[in-house]
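Visitor: I am new to this structure and would like to look slowly at one part of it rather than hurry through the whole. Please choose a sheet and take me through what lies around it.

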Amino acid sequence: MQIYWTKINEIIDETPEVKTYLLDCPEDFTWEEGSHTHFALGGFNAGDKPNRSLIRHMSISTLPQAKSIGITTRIKEQCSEFKMILRNLKVGNEVAIFKTHSNVPLKREDKNIYLLSSGVGLATFRPLVLDYFERADNVNQIHSLNIDSSKDFLFTDIFKSAPDKKFKSQFVDNRNDYYEEVENLAADKDGLFYIVGSDEFLKQNIEVLREQGIKPEQIMLDKHKQQLPEFLSFEFSN
């Protein structure tokens, strides 16, 4: 396993609680849209075995063309040891990345794509939308729906409806509006539904989609292949 040590080159305050850390891109480091990586702080591998409290599984919110690796995360006032250390890091500090993989690349199958996310989960979808804007081949249209109770919606410079690009973006701040809209979107029985959020959020969305007749193979999750059966069980199909 290769560990890439790299430096923070910029820190962006996206909202009062959300920051994006832009990292220098190591020469031979590559990724694709929808990728996640293991993001680790200094000292995580200093002992006999890795200190897992200093490692987090994070989505990369930028495309390779950006030349910087973007890590976007929410840091609340009351937070974990990992987030406390991260909050105090400055430009020039070193962090590590390793085990990078994409479970949710943009599928180009001439279908409508629906991006369902909660809060900072939108960071996973940012590069998919940017990739679509650069090249819309074999994608009918994209519709993004994000729920964020903080009302500090993310990436509104990118996630704004653009009819000319066949892109629609919706933000809601409550569960009722969100799941009502998910039901509406599920009227498209041929669409592809990407979901990013907590495990509970994934399961609730899958239940709504399955009840509306959406098949497991139409649902894309940011999970490893061996984890998918836990979420995409057939208990909702009749």
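Guide: What follows is a close look at one sheet, then at a loop, and then at some aromatic rings.

This is a predicted model, in which local features need pLDDT of at least 70 and side-chain atom pairs count only at pLDDT 80 or more, while totals for chains, interfaces and linings use all residues. Residues are numbered from 1 along each chain as its sequence is written, and side-chain values use heavy atoms, with hydrogens and water left out.

The part in view is an open sheet of 5 strands in the order β9-β8-β7-β10-β11, with parallel pairing; strands here are DSSP runs of E with at least two residues, helices are runs of H or I with at least four, both numbered from the N terminus, and two strands pair if DSSP finds at least two bridges between them. At the edges stand β9 (167-172) and β11 (219-221), and each has a single partner strand, so one side of each is left without a neighbour in the sheet. From one strand to the next the twist averages 15 degrees, where axes are lines fitted to C-alpha atoms, for helices over the stretch in contact, and angles run from 0 to 180 degrees between N-to-C directions. At one of these edges, strand β8 (residues 139-147) runs parallel to β9 and is joined to it by 6 bridges, and H143 stands opposite K168 in β9.

Helix α2 (residues 122-134) packs on this sheet, touching β7 (111-118), β8, β9 and β10 (192-196), and its direction makes about 150 degrees with that of β7; contact means heavy atoms within 4.5 Å. Helix α4 (residues 199-211) lies across β7, β8, β10 and β11, running at about 160 degrees to β10.

The loop between β8 and β9 holds K151 and also K166. Most residues other than glycine have a negative phi. The phi of K151, however, is positive, near 65 degrees, and that of K166 is also positive, at about 55 degrees. K151 counts as exposed because its relative accessibility is 53%, given that buried means under 20% relative accessible area, exposed over 50% and partly exposed in between, with a 1.4 Å probe and protein chains only.

The rings come next. Rings of Phe, Tyr and Trp (its six-membered ring) pair if their centres lie within 6.5 Å, and planes under 30 degrees apart count as stacked, over 60 as edge-to-face and the rest as tilted; by this rule the count comes to 13 aromatic pairs. In one of them, the ring centres of F133 and F167 are 5.3 Å apart and the planes lie at 85 degrees, so the pair is edge-to-face. This pair links distant parts of the chain, with F133 in helix α2 and F167 in strand β9, 34 residues apart. F133 is partly exposed at 27% relative accessibility, whereas F167 is buried, at 3%. Ring pairs also link Y132, F133, F159 and F167 into a cluster.

Another pair is formed by Y178 and F201, whose ring centres are 5.5 Å apart with planes at 45 degrees, so the pair is tilted. Here Y178 belongs to helix α3 (residues 175-185) and F201 to helix α4, 23 residues apart. Y178 is buried at 0% relative accessibility, and F201 is buried at 7%.

Finally, a charge sits over a ring if NZ of Lys or CZ of Arg is within 6 Å of the ring centre and within 35 degrees of the ring normal. K165 lies in this way over the face of F133, at 4.4 Å from the ring centre, and R126 over the face of F155, at 5.5 Å.
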